[in-house]
Amino acid sequence: MSKEINILYVVAEAVPFAKTGGLADVAGALPQTVKELGHEIRIMMPKYSTFSERKYKVHDVIRLKDIMIPLGDTCISTSVKSAFITSSKVKVQVYFLANDKLYSRDGLYVNPHTKKDYADNDERFIFLCKGTLETLKKLGWKPDIIHCNDWQTGLIPAYLKTVYRDDPFFKKTKTIYTIHNLAYQGIFPKESFNKTGLPKEIFTPEGVEFYGKFNFMKAGIVYADIVNTVSEKYAQEIRTKEEFGCGLEKLLEKRKKDLYGIVNGVDYSVWNPAADNLIPEKYSITNFSKKAENKKALLQKFGMKYDENIPVIGIISRLADQKGFDLIGDIIADLMKLDLQMVVLGTGEKKYHELFQKIHNKYPDKFGVQLGFNEALAHLIEAGSDMFLMPSKYEPCGLNQIYSLKYGTVPIVRATGGLEDTIENIKPETGSGTGFKFTKYDDAELLKTIKKAIKLYQNKKIWVKIMKNGMAKDFSWETSAKKYLALYKKLLKDKD
Ligand code: ADP
Ligand code: GLC
C-alpha cells in the first residue's frame with residue numbers, strides 16, 4: 001500500500017456550510033472522495049454566519065487570542081473552530097477560521113443588499129491565507145500538500161515561497177492551486193499588498209503585480225508548485241485567448257508544463273433523482289415515468305400550466321456575464337413564439353434580474369422567474385424540466401449540465417470549457433449523444449439550437465433514448481479524485 005498523504009484543502013466556500021456556486025459543491029465532495037481513497041484530507045475555510053453551529057456541532061479547537069495574525073499595522077486575533085462533513089463512509093474534518101468582524105456577514109463576498117463587493121475583501125482573504133498557515137503551526141499538523149482554490153487562497157503559495165521559506169515547519173509542504181474561474185482574480189490596489197507582510201521585491205510583473213495593482217490569483221499561479229483547472233478544455237483555452245485568459249494567458253502559457261485540467265465530478269448522494277429528498281417523486285433510468293410528476297409540481301410552483309407535449313427549459317445560475325444570458329435577451333421575441341416554457345432560478349447582477357423580470361412580466365404563462373438562491377427549487381428544476389440551458393460565454397467546468405444528465409434533463413449548451421468536455425452532441429437521426437451544443441457565441445445559433453431541441457422533443461422514441469444516454473453517464477467523483485491523487489503523488493515526487 002502506498003503512503004498516506006496528508007492534505008489541507010483551503011477554500012472560501014463548501015457545502016453544506018456556505019455556497020454561492022459550484023466551488024462549494026466541489027469542496028464539499030472532492031475531499032470526501034480523497035479520504036475514501038485512503039488519504040488524510042482536512043478543509044480550512046472562513047467561519048461565516050451562514051449556517052447553524054448547533055446543527056453541525058461546531059466546537060472550538062483554538063481559543064481566541066491564541067493566534068495573532070498581523071494585518072497591515074495591526075494584529076488581529078482569531079479562534080479556530082471545527083466540525084465534520086460526514087458521508088456514509090468517511091468523516092472529513094473542517095477547520096473554520098473565526099473572526100466575527102471579518103466573516104460574520106449576510107454574504108460571502110458581496111453585500112446582498114447593495115450588491116457591491118465588501119470593501120475589505122483584501123483583508124478578509126489575506127487573513128484567511130496567513131491564518132491558515134499560522135493555524136497549522138499552532139495545531140502542529142503538517143500537511144504534505146496544501147491544496148488552494150481560487151483567488152481567495154492565492155497568497156498561500158506566495159507566503160510559503162517567501163515569508164515561510166526557511167520555516168522548518170513547512171520545509172516539506174508543497175502546494176497545488178486550482179483555478180475554478182479565471183475571471184475572478186482578486187485584484188486590489190497596491191496598498192492592499194502592503195497589508196500582507198509579503199516582501200516588496202515580489203511586487204513586480206514577474207511576481208504579484210498586475211498592471212500596477214495587486215493580484216491574488218496571479219500569486220497563486222506564479223508560486224504554486226502545480227496549477228490545475230476544472231476541465232481539460234478550459235486548461236487549453238486559458239492559455240490561448242485573452243477572452244479566456246483574462247490577462248494571465250502569457251503567464252499560464254509559461255507554466256504550461258505544470259498546468260493540468262481535471263474535470264469536476266458529481267456527488268450522487270446529493271444530485272441523483274433516485275435518492276433526492278428535495279423532489280416530490282423519485283425516479284431513475286429504469287423507471288422515469290414519475291419525472292412527469294416533478295414537471296407538474298415545478299410548473300405549479302411557477303404558476304404555469306402543465307402540458308406534457310410542451311417542453312420546459314430550465315435555468316439555474318449565477319446571473320453573471322459569464323453565463324451568456326445576454327443572448328436570450330436578444331432573441332426573446334422569437335423564442336416566445338415557440339412551443340416551449342422556460343423557468344429561471346438565479347441571482348446576481350442587477351441587469352439580469354431586470355431582464356428576466358421584464359420577460360416574465362410580458363410572458364407570464366411561458367416564462368417563469370424566481371430571483372434568489374434556493375437549493376430545494378434548484379433540485380426541482382433539475383427534476384421537472386425537460387431541457388437545461390447553459391449558453392455560457394466561457395465555462396471552466398459547469399456542474400448543472402452534468403447534474404441534468406442524471407435527471408434525464410437534456411442539456412443545451414455552448415461548446416466551451418467543461419460544457420464541451422462533458423456533453424456529447426446529439427445526432428437527431430440516430431439518437432446518439434447527450435445534449436445539444438452550439439459553438440459560435442451568437443444569438444441566432446442559440447435560437448437555431450433550441451429550435452432543433454424542441455423539434456426533436458416531439459419524437460418521443462428518440463427523446464427517451466437521449467434521456468437514457470445521459471442518465472447512464474457516470475461522472476462520480478472517484479475518477480476525478482484519482483486524477484487529483486496522481487497529481488498529489490507527482491507533486492511529492494517531482495518537486496522534492
Ligand atoms: P458556477 O460555479 O459558475 O456558478 P456551476 O455550474 O459549476 O456554476 O455550479 C453552480 C452551482 O450553484 C450548482 O450547484 C447550482 O445548482 C447552484 N446554483 C446556482 N445558482 C443557484 C440559485 N439561484 N439557487 C440555488 N442554487 C444555485
Ligand atoms: C466556477 C466555474 C464553474 C465550475 C465551478 C466549480 O464557479 O464558473 O464552471 O464548475 O467553479 O469548479
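Two strands pair if DSSP finds at least two bridges between them. The exercises below apply this and related criteria to a predicted model.

**Exercise 1. Strand 7 and its partners**

Task: Determine in which sense strand 6 and strand 7 pair, and over how many bridges.

Solution. Strand 6 covers residues 145-149, and its pairing with strand 7 is parallel, with five bridges. At least two bridges are needed for a pair, and the five found here satisfy that criterion. One point of registry is Cys148, whose bridge partner in strand 7 is Tyr177. Between the two strands the chain passes through helix 4 (residues 155-161), and the resulting β-α-β crossover is right-handed.

Next, take strand 11 (residues 226-229). This strand also pairs with strand 7 in the parallel sense, over four bridges. Here the bridge partner of Ile176 is Ile226 in strand 11.

Task: Decide which residues of strand 7 point one way and which the other, and whether they are buried or exposed.

Solution. Lys174, Ile176 and Thr178 point one way, while Thr175, Tyr177 and Ile179 point the other way. Residues in both sets are buried. This agrees with the count for strand 7 (residues 174-179), where six of six residues are buried.

**Exercise 2. Strand 5 and an aromatic pair**

Task: Identify how strand 5 pairs with strand 2 and with strand 4.

Solution. Strand 2 (residues 40-46) runs parallel to strand 5, and the two share four bridges. Met44 has Tyr95 of strand 5 as its bridge partner. Strand 4 (residues 74-86) instead pairs with strand 5 in the antiparallel sense, over eight bridges. Ser79 is bridged to Ala98 of strand 5. The connection from strand 4 to strand 5 is a hairpin through four residues. As for burial, seven of the eight residues of strand 5 are buried, so the strand is largely enclosed by the rest of the structure.

Task: Classify the ring pair formed by Phe17 and Phe96.

Solution. Ring centres must lie within 6.5 Å to count as a pair, and planes over 60 degrees apart make it edge-to-face. By this rule the model holds 26 aromatic pairs. For Phe17 and Phe96 the centres are 5.0 Å apart and the planes stand at 90°, so the pair is edge-to-face. Phe17 belongs to the loop between strand 1 (6-10) and helix 1 (22-36), and Phe96 to strand 5 (residues 91-98), so that the pair links parts of the chain 79 residues apart. Both residues are buried.

Ring pairs also build a cluster, made of Tyr109, Phe125, Trp151, Phe188, Phe193, Phe203, Phe214 and Phe216.

Task: State which rings have the charged ends of Lys91 and Lys406 over them.

Solution. The charged end of Lys91 sits over the ring of Phe84, 4.5 Å from its centre. For Lys406 the ring is that of Tyr268, at 4.9 Å from its centre.

**Exercise 3. Helix 1**

Task: Compare the span of helix 1 with the expected value, then assess its burial.

Solution. Helix 1 has 15 residues, and from its first C-alpha to its last it reaches 21 Å, close to the 21 Å expected at 1.5 Å a residue. Twelve of the 15 residues are buried, so helix 1 is largely enclosed by the rest of the structure. Among the buried residues are Asp25, Val26, Gln32 and Thr33. Just after the helix, Gly38 adopts a positive phi of about 100°.

**Exercise 4. Tyr403, Asn264 and helix 13**

Task: Work out which residues contact Tyr403, leaving aside neighbours within four places in sequence.

Solution. Tyr403 lies in helix 14 (residues 400-406). Its relative accessible area is 3%, and the limit for buried is under 20%, so Tyr403 is buried. The contacts are Asp25, Val266, Trp271 and Glu382. Asp25 is one of the buried residues of helix 1, and Glu382 is one of those of helix 13.

Helix 13 (residues 375-384) has eight of its ten residues buried. These pack against helix 10, strand 13 (312-319), strand 14 (341-348), strand 15 (367-371), strand 16 (387-390) and helix 14.

Task: Decide whether Asn264 is buried or exposed.

Solution. Asn264 is placed in the loop between strand 12 (259-261) and helix 10 (291-301). With a relative accessible area of 4%, Asn264 is buried. Beyond four places in sequence, Asn264 touches Val26, Val230, Cys397, Leu399, Ile402, Trp477 and Ser480.

Notes: Residues numbered from 1 in each chain as written. Chains lettered and ligands numbered in written order. Predicted model: local features only at pLDDT ≥ 70, side-chain atom pairs only at ≥ 80, totals over all residues. Heavy atoms only, no water. Phe/Tyr/Trp six-rings, centres within 6.5 Å; stacked < 30°, edge-to-face > 60°. Buried < 20%, exposed > 50% of the residue type's maximum accessible area, 1.4 Å probe, protein only. Lys NZ or Arg CZ within 6 Å of the ring centre and 35° of its normal. Right-handed = clockwise from strand over helix to strand, strands pointing away. Expected span 1.5 Å × (residues − 1). Contact = heavy atoms within 4.5 Å.
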